[in-house]
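Visitor: I would like to learn how to read a ligand site. Could you walk me through one?

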Amino acid sequence: MNDARPHPGTLYIVPTPIGNLEDITLRALRVLKEVHLIAAEDTRHSRNLLNHFGIATPLISYYREKEAERGEELLARLAEGENIALISDAGTPGISDPGAVVVREARRRGLPVVPLPGACAATTAMSAAGIADDGFLFIGFLPAKGNRRRQKLATLVNSPFPLVFYEAPHRLEDFLADLLAVLGDRHALWARELTKTFEELHEDSLSGLLDKSRLGKNRGEFVIVVHPGGEEEVKPETVEELIVWYRDNSELSLKDVSRKLAADLGLSRSQVYQKALQLWR
Ligand code: SAM
């Protein structure tokens, strides 16, 4: 960006990593270097990230409680020709993070808004869910209070789409209990600490996940993907049933299913593979 500033400036929406610092795009790094100002949810947190990449662009704080007020300041500076990058603590701004207010208002005022693609916990988890049908419903955080949360969940019971939730670790057990109570014992994926050292993808019924959460090892960040109702409420029991279930409900190859089931059930991989060969078509 040269000194003859275009008028007005552009608001860039810039995703940052959700754990692994390698998950930032070359374009994001360039934009963060070139803009006049970076609006960040937590400036101290973001300064560490920017230092890591040798970026010295000035920071201004932009957090949920000050969205409207700080938004006005950003809009004024955009109108004066400053280019501004909006970032959050992790992932994509505006996705269960501040951003929507200033973005909406910038577009309403005809100020250029440029969203960059990048890290997002919801799409990262969904990509690992292995659900073949198109579409999913991103819910993000439900209300923290049990009765409001259950009311909201009740509106989702008949959704034909997989549901993608964010939840804080200290609320996970109560949250899973509510999912089970309202949605029934559906199949679900627990995606913990995505992109980080202790990343964990664990698929089970909701009752299985609830049991797991009761073991008390709920540290870190979670995405929970719940399969639509009415398909897998009857849990397959035998290896043959499991093979057929994965054949019909996942994108996994015959080899991958054999490997997974052998590991999950502690069986010989070649034995499971032979059974799968007979059942696969
Ligand atoms: N804007 C972010 C995004 O694009 O994903 C989401 C921010 S929201 C405040 C934080 C929540 O996202 C966490 O409580 C957790 O549910 C989910 N999350 C963020 N990073 C994650 C990770 N590395 N693994 C699993 N979930 C994560």
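Guide: Gladly! This is a predicted model, and we can start with the shell around the ligand. A residue belongs to that shell if one of its heavy atoms lies within 4 Å of the ligand. Here 19 residues surround the ligand, and the closest are Ile95, Asp97, Ala121, Tyr166 and Phe222.

Visitor: How many residues of each class does the shell around the ligand have?

Guide: There are 11 nonpolar residues, three polar ones and five charged ones.

Visitor: Which polar backbone atoms should I look at?

Guide: For polar contacts, look for pairs of N or O atoms within 3.5 Å. A backbone N or O atom of phenylalanine 222 is 2.5 Å from a ligand oxygen. For glutamate 167, a backbone N or O atom lies 3.4 Å from an oxygen atom of the ligand. A ligand nitrogen, in turn, is 2.9 Å from a polar backbone atom of isoleucine 18.

Visitor: How much of the ligand does the protein bury?

Guide: Compare with the ligand taken alone, which exposes 570 Å²; the protein buries 92% of that.

Visitor: Where does the ligand sit?

Guide: In the second largest pocket. Strand S7 (163-167) and strand S10 (222-226) are the elements that give two or more residues to the shell.

Visitor: Why does the ligand lie between domain 1 and domain 2?

Guide: Because domain 1 (11-115) and domain 2 (121-229) both give residues to the shell around the ligand.

Terms used. Residues are numbered from 1 along each chain as its sequence is written. This is a predicted model: local features need pLDDT of at least 70, side-chain atom pairs count only at pLDDT 80 or more; totals for chains, interfaces and linings use all residues. Side-chain values use heavy atoms; hydrogens and water are left out. A polar contact is a pair of N or O atoms within 3.5 Å; within protein, one must be able to donate a hydrogen and the other to accept it, and residues adjacent in sequence count only if both atoms are side-chain atoms. Accessible areas come from the Shrake-Rupley method with a 1.4 Å probe; for residues, only the protein chains shown count as cover. On a 1 Å grid over the protein atoms alone, a cavity is a set of points where a 1.4 Å probe fits but cannot get out, and a pocket is an open set with protein on both sides within 12 Å along at least five of seven lines; lining residues have an atom within 4 Å of a point. A molecule sits in a cavity or pocket if more than half of its atoms lie within 2 Å of its grid points. Helices (H or I, at least four residues) and strands (E, at least two) are DSSP runs, numbered from the N terminus. Ala, Val, Leu, Ile, Met, Phe, Trp, Tyr, Cys and Pro count as nonpolar, Asp, Glu, Lys and Arg as charged, and the others, Gly among them, as polar. Domain bounds come from an automatic or database domain assignment.
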